[in-house]
Amino acid sequence: MRLLDCIPLGAVLLFAGLSVGEVYSQAPVGYPAAAQDSKPAQAASNDFTQGAPAATVQRLAALQQDVKDLRKEQATAQTTTPQDQQKKQLDLLQKQIETQQKMIDLLTEQMKKQQSAPPPSTAATEKLQMDSAILESRSLQAARRDQEIGQAIDTLNEHADAMERNGPQLPSMLKELFLPSGNNETPLSIYGALSVGYQKIQNATPGGFYFGEFTPDFLIKLNDWILLEAEIGIGSNGSVSAGSFAQADFFVNDWLTVIAGRFVAPIGWYNERLNNPWVNKLPTDTAGAPPLLWLQVLPAMSMLGVQAQGAFYLGCSPFKLEYNAYISNGLNLTPATPGAPTIDELANLENMTDTFSIISNDKAIGGRLGLWWPEKGLEAGFSAMTNGDYVAGGSEDSINLIAVDLNYHKGNWDARAEYGMVWQHAEDFIGANIRRQGFYAQVAYRPYDSSNQYLQKAEAVYRYSYVDFRGIDPTTLNLSSYASPIDVPVRRQQNEFGVNYWFYPRLAMKLAYQINDEPGFHLHDNQFIAELDWGW
């Protein structure tokens, strides 16, 4: 009784291969006789198992063996168990057998249906085989594709690594420029300017065409910190002369450059930044064309010496400070009569700018400070210079100067103004010192944003200039000793109007008309200038 109670009902129901006849053969008297014939059921079971899967047959055999073991225990229980307990056990077993018989019938019916079902058609089998082949082919293609993608990624990684290690694929001559060790090549750049024009001064010589300049500029980069610059000037008669500069630039760091040689004097703004025919807004390459301030007040000159220059931002502010400091051969005058210069020799500042000449141990020392606000297009600068003895064979007479410049350039507008003053010791020669001062203001407008392409290239310019000289009596001057009436150092004011047309950013045709007025000393020297300037 204890063993049968421990057998779950579900386990008994799973005995799909149990033979009912064998169970009934062991049943006691008084139970249905049909259960005692087990051979027909076993034969039927064997018929249905034919063709069944081997795993199913093995499972049935194992279940039948378990049933035989249970019968032996049942027989033992009939002989040893009291009559009332035996009856309860047999009743429970009978119910289990009936339930099992129903399960066997269902299983038998199912197996019959499976045996009677037609085999799968050949077309369906072929379709399944084709689908299987397609899936297998696709899986192989996907595997190959993954392999190719992996190889491509490896190739890209190797290429990027090679580019980082060896640099881009360049021609050998070009690749030398990027070698960390440097090379023996010296890249040469050639720039320059060409200027020709027509000039007519009122009540002066007849108007005519002039050759302003042809000045090639050569720039040779030796390495990352040495640059050589030189300019030569070719005159209208084919003569060749030294240009404005011939210098070596040493780039010490981002904010310091040391210059040695002949360099443009960093005085004011015009001399270093605008004294180029295609850069200036008005004609500038003929006598009397530059601003009056730069004719007989401030010297438009080059210097021979050493200079330090640079620029840097002031902390985190938007302002940028630039500086120049130099020592050079200075202004000098070698009079026709040693030690006794004439009034014209002393008054004509343009004849003192040859710094190749050395007349004394005194030098010119000076510099410039500029403050930029790049975001707003504003700049302001201050310049100063002191020049020792400037007269050969004379006493200790010096020249000192200061200059102030203001500049604005943003959008369609360009405006600038400069002021300068010079103190020239000349009392030992003419009984009085000379003081020169003057200023000019200039504004230009070009409608870059105009919808008309021709107006975009047109520009209107106006400039006002004023100069004044103390210590020079204009009535004692020899006017013919000056390059033009406009170069004569007399008190003068000038209004100049100009129109420019820019064919290209570095090629312009400029037309200008000057109205000059010398109060108390009228020279009637208004002039018209037409100039073609090309920066190349």
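**Entry 1: A364**

I looked up A364 and found it buried, with a relative accessible area of 0%. I am working on a predicted model, so I note that here. A364 sits in strand β8, which covers residues 364-373. I then asked which residues A364 is in contact with, leaving aside neighbours within four places in sequence. The list is M303, Y326, I327, S328, N329, G330, M385, T386 and N387. I also checked A364 against N400. They are 36 residues apart in sequence, and their C-alpha atoms are 9.3 Å apart in space.

**Entry 2: the whole chain**

Next I stepped back to the chain. I counted 13 helices and 16 strands. How much of the chain is buried? Buried residues make up 38% of the 536 residues. I looked up the accessible surface too. It comes to about 29800 Å². Carbon and sulfur atoms account for 60% of that surface. Then I turned to contacts between residues at least 6 apart in sequence. Of these, 59% join residues at least 24 apart.

**Entry 3: the largest nonpolar core**

I asked how many residues the largest nonpolar core has. The answer is 45. The residues with the most contacts inside this core are L298, M303, M385, Y390 and L477. Several elements each supply at least two residues of the core. The helices are α9 (270-274), α10 (293-296) and α11 (343-347). The strands are β5 (256-264), β10 (399-410), β12 (434-445) and β13 (458-470). I wrote down a general point beside this. In soluble globular proteins, nonpolar side chains tend to be buried together.

I picked L477 from the core for a closer look. Leaving aside neighbours within four places in sequence, L477 is in contact with I343, D344, A347, I472, Y482, V488, P489 and V490. M303 and M385 I had already met, as contacts of A364.

**Entry 4: P299**

Where does P299 lie? I found P299 in the loop between α10 and β6, the strand of residues 302-313. Is P299 buried or exposed? P299 counts as buried because its relative accessible area is 3%, and the cut-off for buried is under 20%. I listed its contacts, again without neighbours up to four places away. They are I267, N271, W294, L331, L349, T353 and L401. I267 is 32 residues from P299 along the chain, and 8.3 Å separates the two C-alpha atoms.

**Entry 5: a cavity**

I searched for cavities of 30 Å³ or more and found seven. I chose the second largest. About 100 Å³ of space lies in it. Which residues lie nearest the centre of the second largest cavity? They are N329, G330, I359, S360 and D362, out of 14 lining residues. I sorted the lining into four nonpolar, seven polar and three charged residues. N329 and G330 also appear among the contacts of A364.

**Entry 6: H524**

I looked at the backbone angles of H524. Phi of H524 is near 50°, a positive value in a residue other than glycine. I noted this since most residues other than glycine have a negative phi. H524 is in the loop between β15 (507-517) and β16 (527-535). At 47% relative accessibility, H524 counts as partly exposed.

**Entry 7: F528**

I moved on to F528, which is in strand β16. F528 is partly exposed, with a relative accessible area of 33%. What does F528 contact, leaving aside neighbours within four places in sequence? I found Y198, Q199, K200, L511, A512 and Y513. I also checked Q202, which is 326 residues from F528 along the chain. The C-alpha atoms of F528 and Q202 are separated by 8.4 Å.

**Entry 8: A432**

My last stop was A432, in the loop between α12 (427-430) and β12. A432 is partly exposed, with a relative accessible area of 30%. Not counting residues up to four places away in sequence, A432 touches A426 and E427. I472 is 40 residues from A432 along the chain, with 8.6 Å between the C-alpha atoms. I472 had come up before, as a contact of L477.

Key:
Residues numbered from 1 in each chain as written. Predicted model: local features only at pLDDT ≥ 70, side-chain atom pairs only at ≥ 80, totals over all residues. Heavy atoms only, no water. Helix = DSSP H or I, 4+ residues; strand = E, 2+ residues; numbered from the N terminus. Buried < 20%, exposed > 50% of the residue type's maximum accessible area, 1.4 Å probe, protein only. Contact = heavy atoms within 4.5 Å. Areas by Shrake-Rupley, 256 points an atom, 1.4 Å probe, with all protein chains shown as cover. Core = buried A, V, L, I, M, F, W, Y, C linked by side-chain atoms within 4.5 Å. 1 Å grid on protein atoms, 1.4 Å probe; cavity = no way out; pocket = protein on both sides within 12 Å on 5 of 7 lines; lining within 4 Å. Points joined across faces, edges and corners; volume = space filled by probe spheres on them. Nonpolar A, V, L, I, M, F, W, Y, C, P; charged D, E, K, R; others polar.
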